[in-house]
Amino acid sequence: MYQKSKDTRWHQDKDPERLDCKLSISIIQHFYRGGRILELGTGLGFFGNMIENNVENAAILGTDISKTAVTEAGKKFPRIAFKVHDLTVPVAESSLAGEEFDFVVLRGCIWYLFPQMERVVENIAALTAPGGNLFVSQNFPPLDAQFCGKEVVPSPEALQRYFNGDFKIVASTIFDDRSSQGGNDLWCMFVGEKPR
Ligand SMILES: C[S@@+](CC[C@H](N)C(=O)[O-])C[C@H]1O[C@@H](n2cnc3c(N)ncnc32)[C@H](O)[C@@H]1O
C-alpha cells in the first residue's frame, strides 16, 4: 500500500488541517488521564504526531502492519516511537505481547480490518489496561451506497456494537463533514472504557 504510492497515502499529511482530526484531538484531550498511548494503524504517523503535539504529557507508541510506513513515520517524527504490529494476530503472538496501554487510538482503519472484526476487537481489548480508554474514529461512505465491508459494518451504530462487550461506551458522536471533498466524510467517533 505504501511502497508503490507516489502521493502521501490517504493524504495523511493533510490530517492537521482536517476538522475531524481537530475534533478527535479535543475528545482525546478530554478523556486522557495520563499513561501510555497506543495508536494502532498509525500509517505515516501524522495523526499520532497531532496527539503528541496537543495532548499534554502524551507518551505515544504508533504501530502499523506496514514496515515501509513505520520506517517513514520514524524518520518524519523522531520524537515518537513506532513499531510494526499486525492487529489481526492474537496479541500473545504479536510484537506487542505482554503490553498494555492506558489509552488506545484507532483512526480510519476499519475498512482494512473488517474481515476479522471479532478478532481485532478482542486484540484491542487485550491491549487496553483495565480502566483504560479506547478512542475510535472511522469514516463511512454515504450509508445508502454500496461499499466494501457494508455487510459486516453497515453503519456507525453497528461498528460501536462490536465494542460493546469489552468496553463501556462513555461518549459517541456522528460527524458529517460536508465541507470536505469526496463524499466520504461521515465520521463516527466514540470513546470506550475498559472495566477494571
Ligand atoms: C487509512 S490508513 C489510516 C492511517 C492513520 N491512522 C491516520 O488516521 O492517518 C489505514 C492504516 O491501517 C493500516 N493497517 C491495515 N491493516 C492493518 C493491520 N492488520 N494491522 C495494523 N495496521 C493495519 C494500514 O497500513 C494503514 O496505514
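Visitor: Before we look at the ligand, which residues count as nonpolar, charged or polar?
Guide: Ala, Val, Leu, Ile, Met, Phe, Trp, Tyr, Cys and Pro count as nonpolar, Asp, Glu, Lys and Arg as charged, and the others, Gly among them, as polar. One thing to keep in mind is that this is a predicted model.

Visitor: Okay! How do the residues of the shell around the ligand divide?
Guide: There are 10 nonpolar, seven polar and four charged residues in the shell around the ligand.

Visitor: And which come nearest?
Guide: Of the 21 residues around the ligand, the nearest are G41, G43, I65, L87 and Y112.

Visitor: Which helices each supply at least two residues of that shell?
Guide: Helix 2 (46-54) and helix 4 (110-113) each do that.

Visitor: New topic: the sheet. What order do the strands have?
Guide: The order is 3-2-1-4-5-7-6, in an open sheet of seven strands with mixed pairing. At the edges are strand 3 (81-84) and strand 6, each of which pairs on one side only. From one strand to the next, the twist averages 15°.

Visitor: Do strand 4 and strand 5 run parallel or antiparallel?
Guide: Strand 4 (residues 101-107) and strand 5 run parallel, joined by six bridges. For L106, the bridge partner in strand 5 is V136.

Visitor: What about strand 5 and strand 7, parallel or antiparallel?
Guide: Strand 5 (residues 128-140) and strand 7 run antiparallel, with eight bridges between them. You can find N139 opposite W187 of strand 7.

Visitor: And how many bridges join strand 6 to strand 7?
Guide: Eight bridges join them, and strand 6 (residues 168-176) runs antiparallel to strand 7. There, K168 has E193 of strand 7 as its bridge partner.

Visitor: Why is strand 7 largely enclosed by the rest of the structure?
Guide: Strand 7 (residues 186-193) has six buried residues out of eight, so the rest of the structure largely encloses it.

Visitor: Which helix lies across strand 7?
Guide: That is helix 6 (residues 156-163), which lies across strand 5, strand 6 and strand 7 and runs at about 20° to strand 7.

Visitor: Last topic, the largest nonpolar core. Which residues touch the most other members?
Guide: I37, L38, I51, V104, V105 and L134 do, out of 40 residues in that core. In soluble globular proteins, nonpolar side chains tend to be buried together.

Visitor: What is L38 in contact with, leaving aside its neighbours within four places in sequence?
Guide: With those left aside, L38 is in contact with L61, T63, F101, V104, V105 and L127. Two names there, V104 and V105, also came up among the core residues that touch the most other members.

Methods:
Residues numbered from 1 in each chain as written. Predicted model: local features only at pLDDT ≥ 70, side-chain atom pairs only at ≥ 80, totals over all residues. Core = buried A, V, L, I, M, F, W, Y, C linked by C-beta atoms within 7 Å. Buried ≥ 20, exposed ≤ 12 C-beta atoms within 10 Å, placed from the backbone. Contact = placed C-beta atoms within 7 Å. Helix = DSSP H or I, 4+ residues; strand = E, 2+ residues; numbered from the N terminus. Pairing = 2+ DSSP bridges. Near = placed C-beta within 6 Å. Axes fitted to C-alpha atoms, helices over the stretch in contact; angles between N-to-C directions.
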